[in-house]
Amino acid sequence: MKFSILILCLLLIVGCKKETTKPTAEIPTWLKSGLLVLNEGMFQFNNAKLSWMNNADQSVNNDFFEQKNNRSLGDTGNDLKRYGGKIYVAVSTSSTIEILNATNGNSIKQISMMNGSTPKQPRSIAFYGSSAFVTCYDGFVDVFDTTNLTITMRIPVGQNPEDLVVSNNKLYVSNSGGLNFPNVDSTVSVINLNTLQEIKRITVGPNPGAIVCDAEGDIYVISRGNYAAIPAQLHRIETFSDTKTHDFTFAIQSMAIFQDKLLISEPNSIVIKTFNTLTESNNLINFITNAPITTLYGMYFSSITNKVYCFDAVNYSSTGYVVQFSVSGNYEKKYHVGLNPSKLIVYE
Amino acid sequence: MLKTILFLGAFTLTFISFSQYKEIEEVILIGKSVDSTRIYRLDEKRILAKNACDVGDLMRLFPGVQVTSYGGIGGLKTANFRSLGAGQTSVVFDYQAQSTTQSGATDLGLIPADFISEIAVIQQASTDILLPIKSKLSGTILAIQTKHQAATYKKNGLVGMQTGSFGLIEGFAFGQKRWEKLKISISGKSRFYNGAFPFTYNNGATQVHTTRKNNQVIDHYGMFSCSYTPAKNHLLSLGISGNSYDKQLPGAIIFYNEHAKQYLSGNELDFQLRHLYTGKKIQLKSQLNHQINQLTYTDSNYLNAAGFLKNEFHAQQTDGELQLKLTLTNKTSCLIGSSVRNEKLVAATLSLLPNRTVSESMLGITTNYFGVLNGQVGLLAYTANFSDKTAAKTYILPSVDWLIKRKQIAFGVAFRQSLRLPTFSELYYQQIGNNQLLPEKGSQFSLRMLHTYQRKRMIFQTIIQPFFAHVTNKINAIPSKNLFIWSIQNIGKTRAFGTEFSEQMNSRLGKGIIGMAVNYTFQYCVDITDPASPTYNNLISYSPLHSGGIELNYNWNSWRVFSQFNYQGKRYALNESIPANELAAFNTIDIGGSYRFEKNNRSFNIRMTVNNLTNKFNSYINFFVLPGININMKLNYEI
């Protein structure tokens, strides 16, 4: 018996490991000179987070939302935008829109995005006048009044609308149909922002996703194919006639607006190239070729800081990085943030 | 933790001190002999005393076993031994290996605990002719034996019912009759569980009190078996068992969105036909099994064009095997055997209709010349057909176990290699399946020390098993294109070392018998896939460093009381060991008692348990919550 107790004690002692915890940077009362980053988190982990990166001391706090509001952001943060004095966060699996005060990050309102007992799963947000537009995976674009923060109407579009952008007084919505795989959608809905009605659907390619608007008002949309034999492809939509005018032949994974260019990343690559939206040449120019990035998960250019920010998801289940580059594509620094960083807002 | 243990001890002793007026009937001694195959076992008395709803609840009593429980009653429960992964554990139910064609692991939550006479963890059983070859080549065998196999009475019967918190109602019956050459057994159980239990979880610094929704379970289980002795030395056995279930699936708690509307229904049917010849020096077993599983998953909130998702799967497994055991001398025997298994799965969500044929052969030997030496060499070959392609692979799997005993101490050493074939879901599931997957390879090395100590009215038995386990080609689902597009790859490598500790004690105390069982597992299981990865050398998800339990019981006359303390150490929900992924350690305390009344060889038994006495809200898997304090009461009438 003594022998057994001795062995048990020995095991407990050996098994006990002293742990150290890194100090967490403090969050400011008022937000200035920093970056607010949305970390998507992982499905069913309730770990979507906002990170605050302070320019002054380069510190990072990955629990910004929790510390400000004493609760979590929710499950799978999908979009982060600032409009006027408010920040809007679309939290997809939790089916909420979080609205924060842009000056201090405190919650103003959480809007539950439910249609009866069916979660609408909000994806992306865009703004026009006093309205916010939210793509909902149940096949609608919800219209918010940005003053009283209520939903004023629902506009039916295609299947599983993903992204949206405003151009030429119209709203362009990419209908992915991703939940109908392999019978995905392949259209972009055009909504007249005066009548708030869908006026056209433009066929682009299977599984449309990211959609942006260049300085000339042209729309660029990526159709993501089937992730196998049908590759992702970039398409151009001309917004006066609302027609697809070009299918580009280069390989593409994701894109971001960069001055009068698009930043283009290729599938399974960390090389970033530029596409000139003025000349629209198929010949892409190398921009970042040697980035300290494991898995490129997104890009963002800020005209405020004149920097390019890349999101590194590492292996999608480990905490990621925001990697900063100069406007000429030179690496400057990286910040260790949360799980799957994907969007950011720059504060002067 | 220490406070809880002291409280538990004090509570139990107080209970005992008020109960010492009964006469002692018998002293139950734990086994003095060393079983070289069953490294841990639970007998019928301990199983019955727990009032467990299913086998998954009983598995936490074993050292080295991590039970992955996705919720309470009705939730998926799988057993993972020494961090090898649930797919490396072969569940054998009355000598039939359970099919894992589709999901790769047996759901222990579907196996009722009411008719079970023994559960054992077996690591090496080279010349045990009744165990299937498939299982003998797996990482670990979890052998479940029901009353159908074990009972030897001329006539035997059991009728019972159980009721409990959150709308639990179940009824069960078992009957058995033996004639000179024939034995027939039949058992059945039906269960209804509302599952609307209250619970609390932390959302940041905010505590949320709510009630579990969409958690109802209805299931039915039945088994018929018959054995016939047509001639001396020959035994023919037939077994037919099946179950049917409808479960609501509440899923993980999703903050601000508790609207899951998912359902799972299934039907399973198993046939088994076995012939066993037992001669003086020869034993010959031939066995044929056929298993059919039908599974339907629906999600009525799925946002596709149809407005719902419905996936149906139909799996079939047919296998036959032949094993011959020769007794070479009075100390040495050998076994040679071969099996062939065909697996099929039909589902609209699979990119192809897979069909796989696996042949497994083995040569085993057991000799008692110097200690007990069990050795075997297995040969596993499989051919998988899909579309116009055929893949074929062959593997050799050696393992050895040597145990020597000197007086009250036994010492053993074991080495084992095993394979886990990729499941059909991993191979062919649309978008994410990968038909190039190779089997997972597991290796285990363990030492075993047993010490039995007897003094006056006490007996102690200590088992200590340090182990090292290594898995390569680990099959993991990883996001490939983006967070929503995953694929399954052979990318993982894990390394684990640790120690299992088990202490059992029985002693006469007052007019009764007190028993104690302590189990403790220390394991350090880390990801060693890629030195450049941030998760390199981090603990793998849901693998606590410390886990264990203490069981105390006291028996006198017709009364029995017990308390059970369980502890799960801190663990991480993802492979990166950072505070954001940390799940706090938790412990639960269950207490219970039973009274047995006998008259005219018939007994009436009433049991009551209070589970999670301290009402702590916890979960094995992040956000798959388990109920707080709950009560079960069971009545049995045995004839």
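**Strand pairing, burial and chain contacts in a predicted two-chain model**

In chain B, residue B:Asn555 lies in strand E27, which covers residues 546-556. The structure described here is a predicted model. B:Asn555 counts as buried because 25 other C-beta atoms are found within 10 Å, where 20 or more suffice for that class. Apart from neighbours within four places in sequence, the contacts of B:Asn555 are B:Gly512, B:Ile513 and B:Arg560. B:Arg508 precedes or follows B:Asn555 at a separation of 47 residues in sequence, yet the C-alpha atoms of the two residues are 9.5 Å apart.

Chain B as a whole contains six helices and 33 strands. The C-alpha trace of this chain extends over about 70 × 65 × 45 Å along its principal axes. Its radius of gyration is 24 Å, which agrees with the value near 26 Å that a compact globule of 639 residues would have. Of the 639 residues in chain B, 46% are buried. When contacts in chain B between residues at least 6 apart in sequence are considered, 62% of them link residues at least 24 apart.

Two pairings of strand E8 of chain B were examined. E8(B), residues 155-164, pairs with strand E9(B), residues 168-178, in the antiparallel sense, and 10 bridges connect the two. Three residues separate these strands in the hairpin, and B:Phe166 adopts a positive phi near 60° there. E8(B) is also antiparallel to strand E33(B), residues 630-638, to which it is joined by seven bridges. B:Val159 takes part in both pairings: its bridge partner in E9(B) is B:Ala173, and in E33(B) it stands opposite B:Tyr637.

In chain A, an open sheet is formed by four strands in the order E26-E27-E28-E29, with antiparallel pairing. The edges are occupied by strand E26 (296-302) and strand E29 (331-339) of chain A; each has a single partner strand, so one side of each lacks a neighbour in the sheet. Disregarding direction, neighbouring strands of the sheet are turned against each other by 20° on average. Within this sheet, E26(A) and strand E27(A), residues 307-312, are antiparallel and share six bridges. Among the residues involved, A:Met299 has A:Cys310 in E27(A) as its bridge partner.

Contacts between the two chains involve 43 residues of chain A and 45 residues of chain B. On the side of chain A that touches chain B, the elements that supply two or more residues are helix H1 (2-15) and strand E9 (118-119) of chain A. H1(A) contributes the most to this side, with six residues. By residue class, the side of chain A that touches chain B comprises 13 nonpolar, 25 polar and five charged residues.

The confidence of the prediction was also considered for chain A. The average pLDDT of chain A is 92, and 93% of the residues score at least 70. Residues 11-23 of chain A have a pLDDT below 50, and this stretch makes eight contacts in the model beyond near neighbours in sequence.

Key:
Residues numbered from 1 in each chain as written. Chains lettered and ligands numbered in written order. Predicted model: local features only at pLDDT ≥ 70, side-chain atom pairs only at ≥ 80, totals over all residues. Buried ≥ 20, exposed ≤ 12 C-beta atoms within 10 Å, placed from the backbone. Contact = placed C-beta atoms within 7 Å. Nonpolar A, V, L, I, M, F, W, Y, C, P; charged D, E, K, R; others polar. Pairing = 2+ DSSP bridges. Axes fitted to C-alpha atoms, helices over the stretch in contact; angles between N-to-C directions. Rg over C-alpha atoms; globule rule 2.2 N^0.38 Å. pLDDT = per-residue confidence, 0-100.
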